[in-house]
Amino acid sequence: MTALKLVQGDTGPQVKATLTRSDTGNAVDLTTASSVTMHFREKHTSTVLFSNTNQSSSQDQANGIAIFIFSAGQLNVTSGEYEAELEVVFNDGTRETVFETIDFTLREDFS
C-alpha cells in the first residue's frame, strides 16, 4: 500500500478504511463492535502517539467502513514516517487487529 501523505498541524485529514474478511471477501459488520480504533505511532517505535475512534455512520459500519478524523494537535509531531493499526473490539469482547498497517508520510508545513 502506498503511504498516505499528511502535513504537520493539519486537522482536516480523514482516513477511510473498509474492513473485509480475508477468507470470504465479505465486509466486517462493524455495528456489532463496541469499538473500532486506529492507533498511530512513528515507524520503528513502540510508543502509540494517539488513538482515534471510528466516526462512520451505522450504515457505513454495516458495510465494514470505518472513518478516522485527526483532531487538533495530533499531527503536531516531527516530519517523517508513521504507521497505524486498526483494532476492532466486538460486543462479546472478541478483539481483532488488522494485520496490515497503514503507512503515512508526514511533511513539514510551510508556515
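**Note on the β3–β4 hairpin, its sheet partners and the largest pocket**

1. Start with the turn. H44 adopts a positive phi near 65° in the hairpin of β3 and β4, where five residues lie between the strands. This is a predicted model, and the phi value should be read as such.

2. The two arms of that hairpin are β3 and β4, the latter spanning residues 48-53. They run antiparallel and are joined by five bridges. One position to look at is F40, which stands opposite F50 in β4.

3. β3 covers residues 33-42 and also pairs with β6. The sense is again antiparallel, here over nine bridges. M38 has L86 of β6 as its bridge partner. Thus β3 pairs with β4 and with β6. When viewing these strands, keep the general rule in mind: side chains in a regular strand alternate between the two faces of the sheet.

4. Now the largest pocket. It holds about 480 Å³ of space. Its lining consists of 21 residues. Nearest the centre are T18, L19, T20, V98 and E100.

5. Which strands each supply at least two residues of this lining? They are β2 (14-18), β6 (80-90) and β7 (95-97). β2 gives the largest share, with four residues. β6 links the two parts of this note: it pairs with β3 and contributes to the pocket lining.

6. By residue class, the lining of the largest pocket has eleven nonpolar residues. The others are five polar and five charged.

Notes: Residues numbered from 1 in each chain as written. Predicted model: local features only at pLDDT ≥ 70, side-chain atom pairs only at ≥ 80, totals over all residues. Heavy atoms only, no water. 1 Å grid on protein atoms, 1.4 Å probe; cavity = no way out; pocket = protein on both sides within 12 Å on 5 of 7 lines; lining within 4 Å. Points joined across faces, edges and corners; volume = space filled by probe spheres on them. Nonpolar A, V, L, I, M, F, W, Y, C, P; charged D, E, K, R; others polar. Pairing = 2+ DSSP bridges.
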